[in-house]
Amino acid sequence: MTRAQLVVKIRENLNDHFTSTTYYNVDDLNDSIQDGYDEIVAVSECYERVIDVPVGMLNAQPWVNFRGIIPDYYRIVAILNRNTREFLCADGDREEEYYKADWQLSSTGKVQNYVINGTEWIALPNWYSDSSYKDLRVFYKALAPKPIDDNHVFKILTEYQKLLENYSTADLLEQNQEFVKAQNYWAVYEPMLEEYRRKITL
């Protein structure tokens with residue numbers, strides 16, 4: 001389904017599809033659709049991408065803000081050393097027993113791990129001392145594309161694209177203070193989003 005097709009469905013739900021006049025303008029509809037798209041993709045983590053990151057972009061620092069170098073980055077999935085064809089092992093805490101107190105300054109050893117601190121910051125101990133460590137292939141969960149146009153095909157499974165319709169219909173009804181009508185759509189949207197999130201994580 002494209003955005004143009006989705007707009008038609010939302011206008012029908014709102015009884016706002018008359019050819020002579022409409023109550024909701026195009027900007028209202030497009031903004032609401034983008035808000036819903038952002039939320040659905042972030043909550044479900046349904047959009048996964050891969051990108052090759054040149055070592056030069058890491059600025060020779062042990063801690064790297066991946067969102068600063070990958071605009072649509074949401075969280076890490078995996079990192080591949082393209083030269084050795086090995087995936088690095090993820091650690092959730094820099095206080096692991098095998099790290100020295102000054103591990104951030106360490107310049108010896110092979111690159112085998114990366115350390116996660118929150119969703120954005122990733123540490124790569126020893127990467128700048130390992131001659132085999134060049135471009136990274138980063139697998140990551142991405143944010144929803146933006147901006148989108150009327151021909152955009154949503155990065156959501158076809159059977160769950162009803163989420164977008166329900167979100168925007170409810171959102172626009174609430175903006176018009178039609179809270180009871182909006183609740184009917186939220187009542188469908190919220191459990192469906194949780195079902196989609198669970199399906200993606202399986």
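1. A good place to start is the pairing of strand 3 (residues 73–81) with strand 8: the two run antiparallel and are joined by 7 bridges. At one of these positions, N81 has L136 of strand 8 as its bridge partner. Please keep in mind throughout that this is a predicted model.

2. Strand 3 also pairs with strand 4, again in the antiparallel sense, over 2 bridges. Here N81 turns up once more, standing opposite E86 in strand 4. Strands 3 and 4 form a hairpin with 4 residues between them. In the turn, look for R85, which has a positive phi of about 60 degrees.

3. Next, the open sheet. It has 4 strands in the order 2-7-6-5, with mixed pairing. Its edges are strand 2 (63–65) and strand 5 (89–91), each of which pairs on one side only. From one strand to the next, the twist averages 30 degrees.

4. Within that order, strand 6 (residues 113–117) and strand 7 (residues 121–123) are paired in the antiparallel sense, with 3 bridges. A handy residue pair for finding this spot is N117 and its bridge partner in strand 7, W121.

5. Now for the rings. Searching the whole structure gives 9 aromatic pairs. One of them is F87 with F139: the ring centres are 5.8 Å apart and the planes stand at 45 degrees, so this pair counts as tilted. Because F87 belongs to strand 4 (residues 86–87) and F139 to strand 8 (residues 136–142), the pair ties together parts that are 52 residues apart in sequence. Is F139 buried or exposed? With a relative accessible area of 22%, F139 is partly exposed; the cut-off for buried is under 20%.

6. Ring pairs also build a cluster, which links F66, Y73 and Y140. F66 deserves a second look, since it is in contact with residues well along the chain: leaving aside neighbours within four places in sequence, F66 touches Y73, I76, I79, E120, I122 and V138.

7. Which residues have the most contacts inside the largest nonpolar core? They are F66 and I79, in a core of 45 residues. Several elements each supply at least two residues of this core: helix 1 (3–13), helix 2 (26–44), helix 3 (66–69), strand 3, strand 8, helix 4 (162–175) and helix 5 (179–201). More broadly, nonpolar side chains tend to be buried together in soluble globular proteins.

Note on methods. Residues are numbered from 1 along each chain as its sequence is written. This is a predicted model: local features need pLDDT of at least 70, side-chain atom pairs count only at pLDDT 80 or more; totals for chains, interfaces and linings use all residues. Side-chain values use heavy atoms; hydrogens and water are left out. Two strands pair if DSSP finds at least two bridges between them. Axes are lines fitted to C-alpha atoms, for helices over the stretch in contact, and angles run from 0 to 180 degrees between N-to-C directions. Rings of Phe, Tyr and Trp (its six-membered ring) pair if their centres lie within 6.5 Å; planes under 30 degrees apart count as stacked, over 60 as edge-to-face and the rest as tilted. Buried means under 20% relative accessible area, exposed over 50%, partly exposed in between (1.4 Å probe, protein chains only). A nonpolar core is a set of buried Ala, Val, Leu, Ile, Met, Phe, Trp, Tyr and Cys residues joined through side-chain atoms within 4.5 Å. Contact means heavy atoms within 4.5 Å.
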